Amino acid sequence: MATAPREQWSSRTGFVLAAIGSAVGLGNMWRFSYLTAENGGAAFVLLYIAMTALIGLPVMLAELAIGRGARRSPVQALVHFGGHAWKPLGALFVASGFLILSYYSVIAGWTLRYAVGALLQGFGGVATERFGEVATGWDAFAYHVVFMGMTVAIVASGVRRGIERAALILMPMLFVVVVGIALYASGLEGATDGYRYYLQTDFGRILSFDVLRDATGQAFFSLSLGMGAMLTFASYLSRDHHLPNESLMIGGADFAVAFVAGLMVFPLIFALGLSDAVGESTVGALFITLPTAFAGMGTAGQVVGLVFFLALMVGALTSAISLLEVVVAAAIDAFDWPRARSAVLMGALIALLGVPSAWSTDVLGVIDGVANNLLLIGGALALSVFVGWVMPDPMGEVSAGAEGVRWFFLWRALLRFVVPIVLGVILVLGLPETVASIAGLFATD
Ligand code: TRP
């Protein structure tokens, strides 16, 4: 175990912004939009809010309570409260961090590449071809490595000087830019059609298993839950933090950015009548449609496009930091390595693991599906059972700093019954499709 005293966040704002930075990322600005448009508009948004409140926030509170209580990285935190039988779950968290960051960083590399391209030559050319060049091959790999390098540099600098400082500088910028582009987009011709497409309500659509699973998976991914990221961030907290309030702030900000991102994306797409291209929710839909939109808007498009892709990149960076931190904190605790060495070594391994995703968007899509439908949902399921049934005194842990709160019994009941049942059903029913998607990769047809 590390001998130096454990680092702590220097302020409440620092922690909350870092956690929001973890939550707000590609999930908000890339995935939420197309899932909503595809799955029934406003009806999906309502379902998403319901799943966030009923399943997401209780799990977030659980992660925060474990992390703060144990003041250790995920593996040792679970052992601390549950004994050695729980070590494999901690190991699963670390493995999930590895896997998710390996493809997440490839997508983040695309955003970086588009931003650089916007600066140097604008958005000309045929968007689908351009996406093909950007998304796969040596170029994709190179930008993925650059992005990993930035992530490593921040994590290596420490909790306060690296992670917290990055969040304090980058997150306010991100909020301003997202709102700014949404306002700009609201003035475009076609904005109303964009809003209508985004939020046209179809309650019929949400009554299917797929949509329920998408909403739940998205809630976990977007809130960075199910693999110990929030747990690890909470391990640098002191006991005077009001965890329920801070969870609400993190969840609220995460939802707000996702929602506003939709208000920014769809008017842009509809300004040029490109709605057909969003229908097929391939991994790249937004990366093909939006550059086409920007290309059609001349100089304004070049500027807005540049700022847009930079914002995506910044959002991805503060999220990638939290993914890497899970792995790095585990390495520090397990091998007693210095932080910088852990960050560089783990970062390099993850960059290598990203190779298949950098060469095939199909592989990337399948790993994304496995991460969401299997790893995060499974991880959160195990975590809820852990806090609901195994951890000795979760109520005591969660209520430190929040003494006035009367409803923690409800939280515990949710974790004991509702969360495991809902997640269990989703996990089991979704299994055949996930397995089939993996098998599909190896099929030679
Ligand atoms: N929440 C981030 C997003 O929406 C991604 C992310 C960061 C994440 N850390 C995580 C997802 C941990 C799952 C688990 O883009």
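Which backbone N or O atom lies 3.0 Å from an oxygen atom of the ligand? I looked this up first and found that the atom belongs to Ala 23. I count a polar contact as a pair of N or O atoms within 3.5 Å.

I note that the model is predicted, so that local features need pLDDT of at least 70 and side-chain atom pairs pLDDT 80 or more, while totals for chains, interfaces and linings use all residues. Residues are numbered from 1 along each chain as its sequence is written, and side-chain values use heavy atoms, without hydrogens and water.

I then turned to the nitrogen contacts of the ligand. A polar backbone atom of Phe 221 is 2.8 Å from a ligand nitrogen, and a side-chain N or O atom of Ser 224 is 3.0 Å from a ligand nitrogen. The protein buries 100% of the 360 Å² that the ligand exposes when taken alone (Shrake-Rupley method, 1.4 Å probe).

I listed the shell next. It holds 16 residues, of which Ala 23, Gly 27, Tyr 104, Phe 221 and Ser 224 come nearest (a shell residue has a heavy atom within 4 Å of the ligand). I counted 8 nonpolar, 8 polar and no charged residues in this shell; Tyr counts as nonpolar and Gly as polar.

I checked the helices (DSSP runs of H or I, at least four residues). At least two shell residues come from each of helix 1 (12-23), helix 2 (26-38), helix 10 (209-222) and helix 15 (298-335). The protein has 20 helices and 0 strands (a strand is a DSSP run of E, at least two residues).

Lastly, I recorded that the C-alpha atoms fill a box of roughly 60 × 50 × 50 Å along the principal axes.

Notes:
A polar contact is a pair of N or O atoms within 3.5 Å; within protein, one must be able to donate a hydrogen and the other to accept it, and residues adjacent in sequence count only if both atoms are side-chain atoms.
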